[in-house]
Every structure is written in C-alpha cells, then in structure tokens.
Amino acid sequence: MGIRAFFKLVEIQTKVASMIPFLFGTLYALFRFQQFNGYHFALMLASLLTFDMATTAINNYYDYKKAIKKNGFGYEQHNAIVRYNLKEPVVVSVIIVLLLTAVGAGIALFLSTGWLILLLGGLSFAVGILYSFGPIPISRMPLGELFSGLFMGFVILFISAWIHAEGGHLAVLDLQGGVLSLQVNLPEVLLLLVVSLPAILGIANIMLANNICDMDEDMENKRYTLPVYIGFRPSLKLFRILYCLAYLDLVALLLMKVHPVLILLVFVTLVPVYKKSALFTAHPSKEKTFVIAVQNFVLMNLARIAALGVAVAWTSQSLF
C-alpha cells in the first residue's frame, strides 16, 4: 500500500480533530498546574494518533463491506479501498498493526500513570471501535455527532491534561484491597468541560458536515445518521447554531475573567468562520466544501491554543 493510499484510508487530514484537543490539554496542564511529562506526552501521542487512524480505516472498510451501491455519489473517489483498488487482507493488516500500536502505547501509559487511564482509555477504545463496527455502529445512528464531540473534544482533552497533572488536580481512581474509589475535583473538571466546549462543538460539526454531504448515499445504504432523521435544512441550521454556541461559550469564559486580550485574539476568527460556514450551507459537498468544517475547527481552536501558549510563555497571570 502506497503512502497516498494509506493517508486516504485513514483520512489523515481529519486527525486534527484529535490532535488539537490533545495539544490544548497539554498546554492547559502547563498553564493551570505548571506540569509537563514528556514520556506521558509521547505515549499518549502514539496511542491516540494510531487509534484515530485505525478507527477511520475501520469505518472506511466497514462502509466498503456494507455498501449496497458502490458507485455514484462520488463513492469511487472518497472511499480509499475503491479508489486505490486496495486488497482486503492488506487493509485488515494495516488496521491490526495500528490497533496493536495504539493498545501497546496505551498499556504503557496506564502502567506509568494509574487506573483512571485504563478506565477512560478502555472506554474510549470501546466507543472508537463501536463507532464503526458492530451490528449497529454509532456512525450509522443519529448519535455520531454527540459521541465524537464528547469523546474527542472533552475526554481527549481531559486525559491529555490529567497525564501531566499527576491526577490529583482533576481526579483520582484508586484500587486497594479490592475496593475501587474515585475522587473528583468537581470545580476543576467542570471548568475543563466549559473550556473544552468549542472543541466539542467544532468536532460535532465536522461529523455533522460529513453526514450532511453523505445524506443521499447514507439513505441508499441504510445509514440512519442525524441529518437523515432531522432533514437537510434543519441539519444546515444546526450546523450554524453549533458555531454560535461555541462563541457564546467563549463569552462565558470572558465573564469568568479570562484574560480579555487573549479572548479577543480568538474572537478575530468569528468573521472567517461565519463566511466559510455560509459557503458550506449554500453548497454542501464532500469534494468541495466539507473541508470548511475542518478548517473552521482548526482556525478557532488553533487561535485558542495560540492564546493559551502566549499565556504559558509570557505571563503568570491566571487565565481562569
């Protein structure tokens, strides 16, 4: 399998949806708790990236196997297995290698940290697999946006902060004498949830945009996604609403005394995000405008990473 075919199979351009929350959580731990662990960072990066690639490859393979119609709707272009005439055993082998790498790095991270990583990592792995595989995959139900947003936008961010903060700042899961105990620093976790909302909503919109573009194909192949349930125009309206909620969350953070100069940096992205969103809602297309959802997510959240990075590098004033 060539590198171009591999990148198409794993849809490498969509990996920003997991890498950005990962980087933001790392910077958050640096700023909020003044802690960083390079070994944990490397292990989580390896596990997260390879698992994200594996779940995408599984999704494309499962779509290929279950597709009733394998031509039309641009299927020959956006499904890597058809486009590059990939052999099924090769695709399965790639998936297995990616999964083994992800599990190996994840186990090493658990052994170096604690039980909470095993719980959250195992749950994330289960959701990632069930997202594309099983009798009724999550991606074929109207729950894809919810699960992808919460797990990629919040859980990844939470774990990436937790592995640096030595657990105690956010939560501790302990097993002693057969007794499992969980302690949660509720104010810190709730604050982290509010901070993660733009990432949650941006990732949900990537999935929503993908499903809007695939509506005709999904109905043909009996994939009952959210747009199939609520309709084309309500889906476009929801797409716009989710961006509005993301910026309203930034206003809430401002009212929580987020540094005004840093938050203004993020609000600069409002104009291009609005313009790009209008382009997508006017002409939803997998080939031409779907990338706008990814671009909007990257633009807004890279601006937030830049703001937090400035705070980490140049100021000791509390951001929250």
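**Helices, packing and an aromatic pair**

The chain has 15 helices and two strands, counted as DSSP runs numbered from the N terminus (helices H or I, at least four residues; strands E, at least two). This is a predicted model: local features need pLDDT of at least 70, side-chain atom pairs count only at pLDDT 80 or more, and totals for chains, interfaces and linings use all residues. Residues are numbered from 1 along each chain as its sequence is written, and side-chain values use heavy atoms, with hydrogens and water left out.

Visitor: What is the radius of gyration of the chain?
Guide: The measure is taken over C-alpha atoms, and the globule rule is 2.2 Å times the number of residues to the power 0.38. For 320 residues the rule gives 20 Å, and the chain is close to that, so it is as compact as a globular protein of that length. Its radius of gyration is 20 Å.

Visitor: What angle lies between the planes of F147 and F151?
Guide: Both residues sit in helix α8 (residues 144-162), four residues apart, so about one helical turn separates them. Rings of Phe, Tyr and Trp (its six-membered ring) pair if their centres lie within 6.5 Å; planes under 30 degrees apart count as stacked, over 60 as edge-to-face and the rest as tilted. This pair is stacked, 6.2 Å centre to centre, and the angle is 5°.

Visitor: Is F151 buried or exposed?
Guide: Buried means under 20% relative accessible area, exposed over 50%, partly exposed in between (1.4 Å probe, protein chains only). F147, at 25%, is partly exposed. F151 has 18% relative accessibility, so F151 is buried.
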